[in-house]
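This report concerns the arrangement of strands, helices and one pocket in a single protein chain. Please consult the sequence and the coordinates alongside the text.

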Amino acid sequence: MMRRLSTRDAGFLATLDELLHFDNSTDDAIEQTVAEILKRVRSEGDAAVLEYTRRFDHLDVATMAELELPRSQLRQALDRLPVAQRSALEAAAQRVTSYHERQKLESWSFTEADGTRLGQKITALDRVGLYVPGGKAAYPSSVLMNALPAKVAGVNELIMVVPTPRGEKNALVLAAACLAGVDRVFTLGGAQAVAALAYGTQTIPQVDKIVGPGNAYVAAAKRRVFGTVGIDMVAGPSEVLIIADGSANPDWVAIDLFAQAEHDELAQSILLSPDAGFIDRVAASIDRLLPTMPRREVIAASLKGRGALIQVADLDEACTLANRIAPEHLELAVSDPSALVDQIRHAGAIFVGHYTSESLGDYCAGPNHVLPTSRSARFSSPLGVYDFQKRSSLIEVSQAGAQTLGPIAATLAHGEGLTAHARAAELRIKP
């Protein structure tokens, strides 16, 4: 079912690049629809949001007040959770918070000999919008991963939007919002929710940044509003790359491949191993375990369409390929994983050793599960506290410092033909 490849195959790299390629552009119909929604929400505000919510989410609402959930309803959702679910959610929240507290940036400055002070001032964003998918496809873990770093960063107000098609609310999502300290929750989704957050309406205040996953319409809307507000990323399908040697358990590796493949048919699961016999054992595990999976049709389609079992010459070559692939998730299921960590330059998250399943990172290990996809780990990083903080440069030039810096700036300004720039520096120089 999964294609078998070898780095010794003729044209292997071309085959690999074709396998990795994912076109994340949306079709013209989606773009046209999204453009119209954004335009109407920007000009009409609440009225357009209400109309689109009635049309797309089939909610019979007349006012925006009906779309905002009171804090008491979030608390009620948390209080009514079964004990095991609440305990798991609280444990995950604690671990995610503890990890992200170590990321917080602090302001700094230094003073030069002549009294000039230079530095950097760190401030949190004022207001952030969090998009959360709703209905049956609801992910409370995404609420924690997006909201908690914002709160650790010191964001003043966090506004969550979550669609509730036909009034269907997910108790775990609302409980996670309560636990994470989300300030306001509106039950709306789609491009209209992105537009409301980006431009503001009579009821929903404009945010500074929008984070969180969504469907093709949400992704297209986020792309279009970038610049008016910040966005986290436009993510592609989920990915896992596993580097394994003969010491790995083939059943564990097969299930870890399934764990990515069950997201959707476009998810990508790839195994790299120098051991042909081990690859055979993983293939046998896949055949045996797949029928036991509730989402076996989705898994099968994903593995057949975008998955691969690849034999490499050795683990060094596996690391070289991993850096070319730059996966969202990278598992090192080998006997000495620490020896490989230093060779990995491009990966969203690195899962080290046989007991570190990627699913632990999705829910409760602590690091963020919002990771760069589609090879963007070459230049991007996981979501974190730093995404909700910004830096301002501090420049305080002393009188003595102006005598040193003034001639330098004036000379360069004259060279660029900017006389006023030069004069501004020269006026501060003592005759």
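The account below treats two sheets, the helices packed on one of them, and a pocket.

The model is predicted. In it, six strands make up an open sheet with parallel pairing, in the order β1-β12-β11-β10-β13-β14. Its edge strands, each paired on one side only, are β1 (3-6) and β14 (349-352). From one strand to the next, the twist averages 20°.

Within this sheet, β10 (residues 239-244) and β13 (residues 329-333) run parallel and are paired over five bridges. Ile-243 has Leu-332 of β13 standing opposite. Helix α10 (residues 250-261) lies across four strands, namely β10, β11 (268-273), β12 (308-311) and β13, and runs at about 165° to β10. Another helix, α12 (residues 296-306), packs on the sheet and touches β1, β11 and β12. The direction of α12 makes about 60° with that of β11.

A further open sheet has three strands in the order β3-β4-β15, and here the pairing is antiparallel. Its edges are formed by β3 (108-111) and β15 (389-396), each of which pairs on one side only. The twist in this sheet averages 15° from one strand to the next. Strand β3 is joined by four bridges to the antiparallel β4 (residues 117-124), and Trp-108 stands opposite Gln-120 in β4. In general, the strands of a sheet pair through backbone hydrogen bonds, in either a parallel or an antiparallel manner.

The two strand pairs described above are set out in the following table.

| Strand pair | Sense | Bridges |
|---|---|---|
| β10 (residues 239-244) and β13 (residues 329-333) | parallel | five bridges |
| β3 and β4 (residues 117-124) | antiparallel | four bridges |

The remaining topic is the second largest pocket, which holds about 220 Å³ of space. Its lining comprises 19 residues, of which Tyr-99, Ala-349, Phe-351, Pro-367 and Asn-368 are the closest to the centre. Three elements, α5 (83-101), β14 and α15 (358-363), each contribute at least two residues to this lining. Strand β14 thus has two roles in this description: it is an edge strand of the parallel sheet, and it supplies part of the pocket lining. By class, the lining of the second largest pocket consists of eleven nonpolar residues, seven polar residues and one charged residue.

Conventions:
Residues are numbered from 1 along each chain as its sequence is written. This is a predicted model: local features need pLDDT of at least 70, side-chain atom pairs count only at pLDDT 80 or more; totals for chains, interfaces and linings use all residues. Side-chain values use heavy atoms; hydrogens and water are left out. Two strands pair if DSSP finds at least two bridges between them. Axes are lines fitted to C-alpha atoms, for helices over the stretch in contact, and angles run from 0 to 180 degrees between N-to-C directions. Contact means heavy atoms within 4.5 Å. On a 1 Å grid over the protein atoms alone, a cavity is a set of points where a 1.4 Å probe fits but cannot get out, and a pocket is an open set with protein on both sides within 12 Å along at least five of seven lines; lining residues have an atom within 4 Å of a point. Grid points are joined across faces, edges and corners, and a volume is the space filled by probe spheres set on the points. Ala, Val, Leu, Ile, Met, Phe, Trp, Tyr, Cys and Pro count as nonpolar, Asp, Glu, Lys and Arg as charged, and the others, Gly among them, as polar.
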